[in-house]
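This briefing covers charged side-chain pairs and their exposure in a single model. The sequence and structure come first, followed by notes grouped by topic.

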Amino acid sequence: EASLVSVSSSQAWSSPAVGPSMATVVLQNELETLKSALEHERKLRELDHRRAENEKQRWDRKVKFAVEEAEEAARLLEETREESDTHIRDLREQHRQSLAELRDYQERLMQLEL
C-alpha cells in the first residue's frame, strides 16, 4: 500500500504550479476511508478474538469445576457404599448372634418346662 500511495502522491504533485488533481484528492480520500475501515475491522476482529478467548477460558473453568464435582461425588458415593456394606455386615452378624441367643433361650426354656 505504501508504495502505491507514494507513487500516486509523487505523480499527483509532479507539477507544483497546478496542484493535485480532483481525481487524486478523491482517491486519497477514498484511500484514507479504506484505511480507517480496515483499522476498524482489525480492532473488531481483535475484540472478537479476545471475547472468544475469554469465553473459552470461562468454559474451561466450568468444565474443570464440573469434573471436580463429579469426581468428588463419585468418591463420596464409594465411601457411602463402603459404609453401607460395613453396616450391613454388622447387622447380619448381630442378627446371627441374636438368633443364636434366641435358640439358646428357647432350649433353656424347654429344659425348664421338662
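In this predicted model, Lys56 is partly exposed, with a relative accessibility of 46%. Its partner Asp60 is also partly exposed, at 40% relative accessible area. The two side chains form a salt bridge with an N to O distance of 2.9 Å.

**Lys56 and Asp60**
- Both residues belong to helix H2, where 4 residues, about one turn of the helix, separate Asp60 from Lys56.
- Asp60 and Lys56 count as partly exposed because their values, 40% and 46%, fall between the 20% and 50% limits.

**Network and total**
- Glu72, Arg75 and Glu79 are joined into one network by salt bridges that share partners.
- The count of salt bridges comes to 10.

**Glu41 and Arg45**
- A salt bridge links the side chains of Glu41 and Arg45, at 3.8 Å from N to O.
- Glu41 and Arg45 are both in helix H2, 4 residues apart, about one turn of the helix.
- Glu41 is partly exposed at 37% relative accessibility, whereas Arg45 is exposed at 58%.
- Arg45 counts as exposed because its 58% is over the 50% limit.

**Glu32 and Lys35**
- Glu32 and Lys35 form a salt bridge in which the closest N and O atoms are 3.9 Å apart.
- This pair counts as a salt bridge because 3.9 Å is within the 4 Å cut-off.
- Helix H2 (residues 22-113) holds both Lys35 and Glu32, which are 3 residues apart, about one turn of the helix.
- Lys35 is partly exposed, with a relative accessible area of 33%, and Glu32 is partly exposed at 45%.

Note on methods. Residues are numbered from 1 along each chain as its sequence is written. This is a predicted model: local features need pLDDT of at least 70, side-chain atom pairs count only at pLDDT 80 or more; totals for chains, interfaces and linings use all residues. Side-chain values use heavy atoms; hydrogens and water are left out. Helices (H or I, at least four residues) and strands (E, at least two) are DSSP runs, numbered from the N terminus. Buried means under 20% relative accessible area, exposed over 50%, partly exposed in between (1.4 Å probe, protein chains only).
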